[in-house]
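Biologist: I want a close look at a single part of this structure. Pick one element, follow its contacts outward, and tell me what surrounds it.

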Amino acid sequence: MQNGMSLRQYLVDQKRGGVAIEADLIDLICETAVTCKEITAKIDRAALEGALGAAGSQNVQGEEQKKLDVITNDVMYEHLCTTGLLAGMGSEEVDEPMMIPDQYPRGRYLMFFDPLDGSSNIDVNISVGTIFSIVEAPRGDAAPAPEDFRRKGIEQLAAGFCVYGPSTTLVLTIGNGVAMFTLDHSVGEFILVRDKVQIPEETAEFAINMSNQRFWEEPVKQYIADCIAGETGPLGKRYNMRWVASMVAETFRILTRGGIFLYPMDERVREKGGKLRLMYEANPIGFIIEQAGGAASTGRERILEVEPGSLHQRVPVILGSKKEVEKVEEYHRR
Ligand code: AHM
Ligand code: MG
């Protein structure tokens with residue numbers, strides 16, 4: 001695998017190398033990358049075009065939507081529903097599964113997506129991203145049923161996220177490791193910059209929203225207390241802390257230098273199951289993390305094996321360097 005390959009060249013090369021990937025899935029990933037380029041341009045011009053700030057509406061999660069949440073959701077849906085590659089889509093920003101309008105052909109895949117993860121950061125110019133997860137549509141190109149949108153993470157064929165930061169970089173897995181592609185604006189293509197990304201197994205860097213401490217479950221309270229205790233504490237090392245409040249940015253950091261990210265269960269979100277969403281946040285990011293040699297857990301089970309109850313189901317999320325995630329699972333078993 002050579003740096004300098006375009007995204008499509010990489011995917012074709014993977015297929016030639018024996019990875020089971022259909023030509024339609026290659027096309028779908030490339031079309032998704034086109035929407036990420038469009039979103040890059042929208043974000044870049046948002047302040048100039050008055051597209052920052054609140055939209056004045058709430059999504060199904062009861063969260064205030066930003067104008068860009070709505071704009072990027074529309075970019076994704078309007079572009080991808082015309083490609084003839086999808087049978088339906090599920091978005092963080094839309095209550096019900098989204099069907100393909102009758103005037104367009106349907107394809108054999110379903111996509112789950114968060115069009116603008118970390119959007120609470122958008123007005124302060126911090127990295128945000130688009131997350132996507134692709135599974136096979138169980139009825140082929142027939143119209144999908146509601147239950148077709150409840151899928152375990154282990155069923156994913158591909159998952160990725162594009163982070164809009166100092167560079168626009170797409171992180172992708174098709175089940176054969178993780179590759180990263182940076183958008184080269186001079187040619188308008190995503191170009192391979194890293195392949196076979198590996199997360200160091202051990203780390204001394206954690207990411208958690210400390211302001212929620214009093215609401216966490218006991219095992220997480222204890223683990224973080226032990227991290228803060230440093231060299232003389234039970235974990236025997238000095239930890240560093242980071243919190244970007246943008247899961248895509250935290251994941252990118254972990255893929256680059258290791259670390260552990262926690263959005264645990266807390267008292268305020270217990271009834272909802274947690275804060276982060278299974279289908280379009282935890283599953284795709286969990287798949288990527290595992291493919292890079294890390295681990296992704298709820299604290300009690302592997303995220304990719306969680307049985308989804310609904311499209312917008314939430315879960316506790318603990319992911320990153322494998323040995324550190326295993327340690328936190330150990331705290332949950334005690
Ligand atoms: P969003 O999809 O509405 O942006 O919510 C998800 C984000 C994650 O990116 C991030 O880890 C978390 O919410 C930040 O939460 P907090 O506001 O508690 O810092
Ligand atoms: Mg999100």
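Modeller: This is a predicted model, and a search of the whole structure turns up zero disulfides. Take Cys-162: it is in no disulfide, and the nearest cysteine sulfur, that of Cys-36, is 4.2 Å away. A disulfide would need the two sulfur atoms within 2.5 Å. Cys-162 has 0% relative accessibility, so it counts as buried. Cys-227 is also buried, because its relative accessible area is 1% and the limit is 20%.

Cys-36 leads to the part I would pick, helix α2, where it is one of the buried residues. The helix covers residues 23-45. Its length can be checked. With 23 residues at 1.5 Å a residue, α2 should span 33 Å; the end C-alpha atoms are 34 Å apart, so the two values agree.

Which residues of α2 are buried? Early in the helix they are Leu-25, Ile-26, Leu-28, Ile-29 and Cys-30. Then come Thr-32, Ala-33, Thr-35 and Cys-36. Ile-39, Thr-40 and Ile-43 complete the list.

Now the packing. The largest nonpolar core has 47 residues. Within it, Leu-7, Leu-11, Ile-29 and Met-111 touch the most other members. Helix α2 gives the most to this core, with nine residues. In soluble globular proteins, nonpolar side chains tend to be buried together.

Ile-29 shows how α2 is held on its nonpolar side. Leaving out neighbours within four places in sequence, Ile-29 contacts Leu-7, Leu-11 and Ile-21. Its other partners on that count are Ile-134, Ala-158, Leu-172 and Ile-174. Leu-7 and Leu-11 thus appear twice: as contacts of Ile-29, and beside Ile-29 among the members that touch the most others. Another core lies apart from this one; it has 40 residues, including Phe-112, Val-135, Ala-137 and Leu-304.

Further along α2 sits Thr-32. Is Thr-32 buried or exposed? At 0% relative accessibility, it counts as buried. Beyond residues up to four places away in sequence, Thr-32 touches Leu-80, Met-111 and Phe-132. Met-111 is one of the members of the largest core that touch the most others. Val-193 makes a useful distance marker: it is 161 residues from Thr-32 in sequence and 19 Å away in space, C-alpha to C-alpha.

At the end of α2 comes charge. Arg-45, the last residue of the helix, forms a salt bridge with Glu-49, with 2.7 Å between the closest N and O atoms. Arg-45 is partly exposed, at 41% relative accessible area. Glu-49 is exposed, at 52%. Side chains of opposite charge can pair when their charged atoms come close.

That bridge is one of 26 salt bridges in the structure. Compare Asp-123 and Lys-66, whose side chains meet at 3.2 Å, N to O. This pair links distant parts of the chain, 57 residues apart: Asp-123 is in the loop between β5 and β6, and Lys-66 is in strand β2. Asp-123 is partly exposed, at 36%, whereas Lys-66 is buried, at 18%. Arg-151 and Glu-155 form another bridge, at 2.8 Å, N to O. There the arginine, Arg-151, is buried at 10%, and Glu-155 counts as partly exposed at 34%.

Last, go back to Met-111, the contact of Thr-32. Met-111 falls within strand β5, residues 109-117. That strand leads to the metal. The magnesium ion (ligand 2) is coordinated by Asp-114 (OD), Asp-117 (OD) and Glu-281 (OE), at 1.8 to 2.2 Å. In sequence, these donors are spaced D-x2-D-x163-E. Asp-114 lies in β5 and Glu-281 in helix α6 (residues 278-291), so the pair ties together parts that are 167 residues apart in sequence. Asp-114 and Glu-281 are both buried. Glu-281 also belongs to a network of salt bridges with Glu-63, Glu-92, Arg-277 and Arg-314.

Key. Residues numbered from 1 in each chain as written. Chains lettered and ligands numbered in written order. Predicted model: local features only at pLDDT ≥ 70, side-chain atom pairs only at ≥ 80, totals over all residues. Heavy atoms only, no water. Core = buried A, V, L, I, M, F, W, Y, C linked by side-chain atoms within 4.5 Å. Buried < 20%, exposed > 50% of the residue type's maximum accessible area, 1.4 Å probe, protein only. Helix = DSSP H or I, 4+ residues; strand = E, 2+ residues; numbered from the N terminus. Contact = heavy atoms within 4.5 Å. Expected span 1.5 Å × (residues − 1). Donors = N, O, S within 2.8 Å, 3.2 Å for Na, K, Ca; no water. Salt bridge = Lys/Arg side-chain N within 4 Å of Asp/Glu carboxyl O.
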